[in-house]
Amino acid sequence: MLELGVCYYPEQWPRTKWEEDAARMVELGLAWVRIGEFAWSHIEPKSGVFQWDWFDDALDVLGKAGLKIIIGTPTAAPPKWLVDRYPDILPVDARGAVRKFGARRHYCFSSQRYRLEAARITEAVAQRYGKHPFVHAWQTDNEYGDHDTIHSYSRAALHAFREWLAARYGTIEELNRAWGTTFWSMHYNSFDEVDLPNNLVEEPSPTHLVDYFRFSSDQVKSFNKVQVDIIRRHSPGRPVTHNFMSQNTDFDHYKVGEDIDIASWDVYPMGGLINGRLSAEEKQRYLRVGDPDQTAFNHDLYRAVGRGRAWVMEQQPGPVNWASHNQSPADGMVRLWTWLAYAHGIDMVSYFRWRQAPFAQEQFHAGLLLPNSEEDQGYKEVVQVIAEMKLLPKGEARGKAAVALLLDYESRFATRALPQGRDYAASAIALDWYSAVSRLGVDVDFIGQHSDLEGYRLVLAPDLVIPDPDFIARLKASGAKALFGPRSGSKTRDMHIPADLPPGVLGDLLDFRVTRVESLPPFQSETVLYGNSSHETSTWRETIRTTETVLATFQGDYRPDSPAVIGNDIARYCATLPRDELLLKLMGDTFAWAGVSSLPDLGDLRLARRGRLHFAFNYGSTVAAVPAAQNAEFLIGNRALAPVDVAVWLDGDKGATAE
Amino acid sequence: MLELGVCYYPEQWPRTKWEEDAARMVELGLAWVRIGEFAWSHIEPKSGVFQWDWFDDALDVLGKAGLKIIIGTPTAAPPKWLVDRYPDILPVDARGAVRKFGARRHYCFSSQRYRLEAARITEAVAQRYGKHPFVHAWQTDNEYGDHDTIHSYSRAALHAFREWLAARYGTIEELNRAWGTTFWSMHYNSFDEVDLPNNLVEEPSPTHLVDYFRFSSDQVKSFNKVQVDIIRRHSPGRPVTHNFMSQNTDFDHYKVGEDIDIASWDVYPMGGLINGRLSAEEKQRYLRVGDPDQTAFNHDLYRAVGRGRAWVMEQQPGPVNWASHNQSPADGMVRLWTWLAYAHGIDMVSYFRWRQAPFAQEQFHAGLLLPNSEEDQGYKEVVQVIAEMKLLPKGEARGKAAVALLLDYESRFATRALPQGRDYAASAIALDWYSAVSRLGVDVDFIGQHSDLEGYRLVLAPDLVIPDPDFIARLKASGAKALFGPRSGSKTRDMHIPADLPPGVLGDLLDFRVTRVESLPPFQSETVLYGNSSHETSTWRETIRTTETVLATFQGDYRPDSPAVIGNDIARYCATLPRDELLLKLMGDTFAWAGVSSLPDLGDLRLARRGRLHFAFNYGSTVAAVPAAQNAEFLIGNRALAPVDVAVWLDGDKGATAE
Amino acid sequence: MLELGVCYYPEQWPRTKWEEDAARMVELGLAWVRIGEFAWSHIEPKSGVFQWDWFDDALDVLGKAGLKIIIGTPTAAPPKWLVDRYPDILPVDARGAVRKFGARRHYCFSSQRYRLEAARITEAVAQRYGKHPFVHAWQTDNEYGDHDTIHSYSRAALHAFREWLAARYGTIEELNRAWGTTFWSMHYNSFDEVDLPNNLVEEPSPTHLVDYFRFSSDQVKSFNKVQVDIIRRHSPGRPVTHNFMSQNTDFDHYKVGEDIDIASWDVYPMGGLINGRLSAEEKQRYLRVGDPDQTAFNHDLYRAVGRGRAWVMEQQPGPVNWASHNQSPADGMVRLWTWLAYAHGIDMVSYFRWRQAPFAQEQFHAGLLLPNSEEDQGYKEVVQVIAEMKLLPKGEARGKAAVALLLDYESRFATRALPQGRDYAASAIALDWYSAVSRLGVDVDFIGQHSDLEGYRLVLAPDLVIPDPDFIARLKASGAKALFGPRSGSKTRDMHIPADLPPGVLGDLLDFRVTRVESLPPFQSETVLYGNSSHETSTWRETIRTTETVLATFQGDYRPDSPAVIGNDIARYCATLPRDELLLKLMGDTFAWAGVSSLPDLGDLRLARRGRLHFAFNYGSTVAAVPAAQNAEFLIGNRALAPVDVAVWLDGDKGATAE
């Protein structure tokens, strides 16, 4: 069953408002409240001087009102007195400048001093409230990776990187081999000679860079793990979560996910649209509803990161402040996003924030309440959601999908280190693929290379640059079919070209060799003949040699008739980046090939299924016909779905919806 | 009566040329000459070693020829020996890099050492020449704010900022309250913990930033005041001016203006066009005549800054060197600009510079003479101006306008600190409003919130973000009507949202609440229905709730029929940014409402009135009909005004021109 | 006769592959192999510890197989142990940040320590292998100027700059005069006060900047000379070369060229296209064949730099890795480029590289072999070239052209220091002129102002900003006619405007004065009437006064009928930048005037002549008719030239080709 919550900052409001706020939350129907994640200087205003009374009081007020409390550890924002005492905890940017106090996330993950201090404050909070009756869950820190804070170039990072390299490689000669230091006289005599990969004359070895990305990712995992261990020791039985950011790929979320109980993430579709992959024309079309796929993509991703348990910790309740432009969501979108989350397997949605702050950095960030405590639009939509919740049966769980989409973080590090072409954007490619799947009405699960493949009929791998041989073996054994995007298998773990050319270990699935790659400028497109129709692709093109069936070919002056898509009984590979119509068509054919049932293109309609419940969401500007079975029983809405509207139904018998 | 002058650098030319130059200036008809403002290293080539003879000599030559001399204090360019002795006087940029010697303005306003040195050289010059018979006026420094030199991030700035904050807030808890440091754990225990707002991980508190802008602005005022006091002590009765830059909003010009006798400014319309608000198509159309409103806007502004007394210290005489592209003005524009200045109340126009320098940074900057002393185009146009001056009656003074345009510097600091949308550009908005007023033939005065409102029928406030309650009270009492742009009243002095929502104290004039704001990307426009016609607006949209009359409404999918413009008997408010036709129409209706007479759209023609004199200026490419009364007496030109041409006439009786 | 070679890195491959690689090179028909230029850390893995055995071995294997060896000195990439011992050898960027180890070219040309170290390793290598029987040539360092490494802002550079200035000017007062330090109080009391021109508030004096560019250029010359002297001492009789980069103008290539025996350069036309002067539409058209003129331009330039002896040291053999986008060359282009080089007087073409590296920074850079040692496309094309070589007579030498194109490095420094308009791009202008010449079928030689002018009928000077009076005198005496682009003669050696206005000493050839210059924004074009036809020009316009014949005039509102092109019997001058049709027409008329025979516009066809051999190259996408004489004897190809194809023929008698 869906539960709702809200983020609240008692320290920002007069004590006199707390009871009223808590009562209104409960009256609205909220079950959860998150507090504390930026309260360090309020808890410990001076070194070693703790001020617990207000926090005790806040827990008391909120808990007694009937709310379950999530405490966030306050480590995302160390106080000024701490920074002044230990200036080395500040992160250093790639240009070598110290990033100063005055906002948040001003710490270097490699600072041993900060690890001690973060552990100290976490222990203090966890010890005091770990078994508090109103505390039901914990959040570590806040939004790892926000504002490019994973990568620091401090002295602490330098030393930690050297240690990490020594642990990874054992001997300096093994590092020399992996990094290819026979190139450009880059040989190292010891780990102490290795430097961080910033401010170079040219690009460093890509292996140097990927190792730095891996190291930085591991630093997040170990930083987080310290807090989780402390919380678990003091607060047994309460789940621990972290609120991840949408589509951040600076660290391996699966690895951090392993250490927590629930993955949560922060849902801001308006900024996501503005900063996102779509064209200006599409952004205008979806301006106040957002990219129809980006939010669902992340729900599905974080369901995997949380190994099935996922929350939304911060749901945008109106316009916010941080994008280059901050449009309002259409009225109805807060409701739509809430149901979308639930449909995709999210069990708790917490709105950020209860009341808009009239001061400081986020004063343009909407809340459920306006700064003067009036109900804002989001509040009214939550009222509607809570009324609608009562119309749905309880206990429906998101099932396993037939299709798995592979997101591999090391592969993202690889293309970031060695993009080869300025316009190659792995995140956008994966989202394009997801979008094609969604437009065909098919549900999807995310997987990493570590994931169990049991039960999947089809694995989609848009950008698996560094395949793990074990994963390929398990995939081959699983019986699932697979569709690979270009560059898949193009690098080894050491960021080398595979010995007998790409696709390296992917050759176990499909017999071909990539003999040439091209990255193409934005003004160039390549023509691909697929079946009887011609399509344009762009950005990337490979020349491949194969004994497999050629499913599509390049046309035009350059190497006409060379294969663009190939396949056999178990796998298919694209030698370019299919988009739009070609991608839709290819995806539809791939579903048929893999025995996955799908629907004709849904346009701006999106579907999702949770247990027996079918959901439809209309991102378009006209009424859409919902593809429900004839005898479907509508619980919310009906077959004619208005823009920005949601329908929920139970199938009578097997309907037209995809599986 | 209009006087003319020129900027001259005797130190740059052989002594043998001085007499001839002076004689030619006088022969041309110039009355003023400005010298000395970059001569420090020539006056004091080594520490304490003064070289006065050449300066004495130059004053003598110029003065005896009949010229009135303005001495500029040489503090905009400290010599190298001084910088080497006190490296701390150099400014520091936001990235933390010291900005080095080798050009000009290489000093930090907060350097106490530089204040002493600037006072020392000013005293030396003022003492020697304060009562010199040929010295008739003084200029302090040169172009405060050029090349982003108001904001320095030096140690000196840090310490001065802390002192400024202590003086402003008294206690650190008051600062904590104002800055909202309960947010993100930003609490300070003492003023010594506060840092400058550069190199942060994210944006600082907007109050932190606005206070830094206020502080930086105050540093300019106090830096300037030191020199003014010294000059007044040594040179009683001679007016002191400073040559401001066009539309710089890094410091509060009214506050510096309070301390001087005459405001002057430097008129460079060609670069102003290239860097300015217009579209590429418009820039092409006006390429060699400039933005038809930007120059007049600044004349009117600096008339207010100088409390009625304003000069042009540097008038562009041909193409210059500093913009991204440096086109030539059309032949005739130097004459046009000179008359434009006079029409807008300027009493002295000084051309920059006498002769083009064949060396150093500005060798592509035209003068009245070419480097080989031949007359350049500008010289010939000055000859024409001087001939025409004789055709006009003397003693006509610019009168008070019926319309006041409010430019509030703190509001500019506010939107700079918290733009909320990348395309919100307050300077361009104010200029758009001014342009609409000008196209309707209406004269305007600039005001600040401190200004006397006596006599105005209409106050235009395009961006009054932080209204002063006293100003609102005086406005209400004044009987003037007012038109406010969006965001007006949206912040308190502490940069908070007003307690009962925006527009805060503006609510005393007009009953409404802003319940939502949006900043919109450039590809989005909103439709506004005004009367019977639809218009497009962009960039900014607010949702407001009001009991007042709704004058225009938004249309389209999002919140259709919500108010776009509202009003009552005394005030009107725009919930979006009207532009082009909508702005013209709204402005015209507002004039009618306020009882201000106006004309139909003048297109590329511009009018101005000074006493009994009416002026017309044609910025278009075809002949324009001047809207003079039937019995108007033309003193310069006639009714058919050629492109780049000027007409001046006296009304017979009340004509068609606006008041 | 054309010889071919390849770049090889034995240190990057297992010892077991060397014999096979060497044998395949010889079997393919290669004569030369370049090794060693990034091998420092392999030769001297620790300070003073030399590891010669592998290098001895490699020379032995390659030499015995029959290859002539070029050794590159390894100074472009000092090892980490050296950088750690002497951190001051690292270069410093304009922001003041040290540019770190991890790639290549991480040294400051002004570091005295690095000069010693570079001399030490060069001496060690030259001493050991100077008289080695298989060593036939030397290359100094690698690609001076790559990644903006000419300009360093280190302490070493500062001190060296002061010494250079003292040597240039003798007294500080002479520097003050030249730099115009009476401007902006910039006076210096001693050379020790002078600083490097980075991180200023505004631009420094242009003379300051040009002197810094001259200094930096001289540092390259003296750095290189040290190595050349050492090599000559130890390896008499073997030619020394350096592999220059395409169109780098950060240092005076003629001056470095004086000290070596052969100029070589590195040919990468695909990145050259992507980064180059053409419009997006043109780039799409030539995507996989490259700019039809840029490569030939550089062949002709480096033939001049090498005083007649020029090699290609690195020829792109397929797609590479370093441009923003990296498309593949069309199949056939490697052959075309090889023949193009030969046609333009290149005697040796060496491909970069033998085998694609599967690791490190350039793993996306193609070789003749794929990483798995399979033959890549380039290899196959070399096979064809070698077969075709046998069809051509030996001993044909490139003759002297009738037309000389002047490229003056100091003039490039001048416009870089003082561009006056953002879009003025001297490199693109010179290439535009070259392109017009080439489209009219005319061969060209490059000259500097130092060059002998004997035998030229026409000198083209697109951007001779700083003419040397001696050059102008020699030009006048030579009997050659001359065509000058705008800005020619506009600055003196001190970067001043000439005393009696531009064109200064050019006035000895043509009587005119430039009284005004304009730089124009990209949205503006000016109309020029030339003969009976109107054309558009852009970017730059001058007003000139002249007694010479006016060949073309400006039209439009601004100064209509003012001269756009003028001329007399010996010289012509353009007061704007002719492009496209106007440039072609003007160039054609200029050829006729100078008695140089030319052809009608060749479109995408290009011709070249080497001795009796005529070459044609088709950069278009359709078959082109080769303008060979009727009785021409085709040695390669025929009259109907396919896209990407090459034809070579001998004239029967005098044919239609240009001379």
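Which residues of chain A does UniProt list for "binding site"? In an unreviewed entry, UniProt lists R104(A), N142(A) and W322(A) under that name, and the annotation "binding site" in an unreviewed entry also covers C108(A). The surroundings of several of these positions are described below, followed by the division of the chain into domains and the relations between the chains, all as they appear in a predicted model.

The annotated residue N142(A) is placed in the loop between β4 (135–139) and α6 (155–169) of chain A. N142(A) has 24 other C-beta atoms within 10 Å, and it is therefore classed as buried, since 20 or more are required for that class. When neighbours within four places in sequence are left aside, the residues in contact with N142(A) are E37(A), G72(A), A76(A) and N243(A). W322(A), by contrast, is partly exposed, with 19 other C-beta atoms within 10 Å, and this residue belongs to the loop between β7 (310–315) and α13 (333–343) of chain A.

C108(A) is situated in the loop between α4 (80–85) and α5 (112–129) of chain A, where 27 other C-beta atoms lie within 10 Å of its own, so that C108(A) is buried. Beyond its neighbours within four places in sequence, C108(A) is in contact with I89(A), L90(A), P91(A) and V92(A), as well as with Y114(A), S152(A), S154(A), A156(A) and A157(A). One of these partners, I89(A), is found in the loop between α4 and α5 of chain A, and with 24 C-beta neighbours inside 10 Å it likewise counts as buried. Not counting residues up to four places away in sequence, I89(A) touches P78(A), V83(A), Y107(A), C108(A), S111(A), R113(A) and Y114(A). Although I89(A) and E117(A) are 28 residues apart in sequence, their C-alpha atoms are 9.7 Å apart in space.

At the level of the whole chain, chain A is divided into domain 1, made up of residues 3–146 + 237–389, domain 2, covering 403–594, and domain 3, covering 605–650. The C-alpha centres of domain 2 and domain 3 of chain A are separated by 32 Å. For residues 401–596 of chain A, UniProt gives the name "domain: Beta-galactosidase trimerisation" in an unreviewed entry. Over residues 401–596, chain A is 24% helix and 31% strand, while the C-alpha atoms at the two ends are 10 Å apart.

A helix of chain C may be considered in more detail. Helix α16 of chain C, which runs over residues 426–439, has 14 residues and reaches 20 Å from its first C-alpha to its last, a value close to the 20 Å expected at 1.5 Å a residue. Because 12 of the 14 residues of α16(C) are buried, this helix is largely enclosed by the rest of the structure. The buried residues of α16(C) include A426(C), I429(C), L431(C), W433(C), Y434(C) and V437(C), and also D432(C) and R439(C). Just after α16(C), G441(C) takes a positive phi of about 75°.

Turning to the relations between chains, chain A is superposed on chain C by a rotation of 120° with 0.0 Å of shift along its axis, at an RMSD of 0.0 Å; that is the relation of a three-fold axis. A rotation of 120° with 0.0 Å of shift along its axis also superposes chain B on chain A, with an RMSD of 0.0 Å. In chain B, the C-alpha nearest the axis belongs to R95(B), at 5.4 Å from it.

The contact between chain A and chain C takes 42 residues from chain A and 53 residues from chain C. On the side of chain A that touches chain C, α8 (206–234) and β13 (512–519) of chain A each supply at least two residues, and the largest share, five residues, comes from β13(A). The residues of this side of chain A divide into 17 nonpolar, 15 polar and 10 charged. The contact between chain B and chain A takes 43 residues from chain B and 54 residues from chain A. Here α8 (206–234) and β13 (512–519) of chain B each supply at least two residues of the side of chain B that touches chain A, and β13(B) gives the most, with five residues. The residues of the side of chain B that touches chain A divide into 17 nonpolar, 15 polar and 11 charged.

Note on methods:
Residues numbered from 1 in each chain as written. Chains lettered and ligands numbered in written order. Predicted model: local features only at pLDDT ≥ 70, side-chain atom pairs only at ≥ 80, totals over all residues. Domains from an automatic or database assignment. Least-squares fit on C-alpha atoms with pLDDT ≥ 70 in both. UniProt positions renumbered as here; feature names shortened; annotations may be inferred. Helix = DSSP H or I, 4+ residues; strand = E, 2+ residues; numbered from the N terminus. Contact = placed C-beta atoms within 7 Å. Nonpolar A, V, L, I, M, F, W, Y, C, P; charged D, E, K, R; others polar. Expected span 1.5 Å × (residues − 1).
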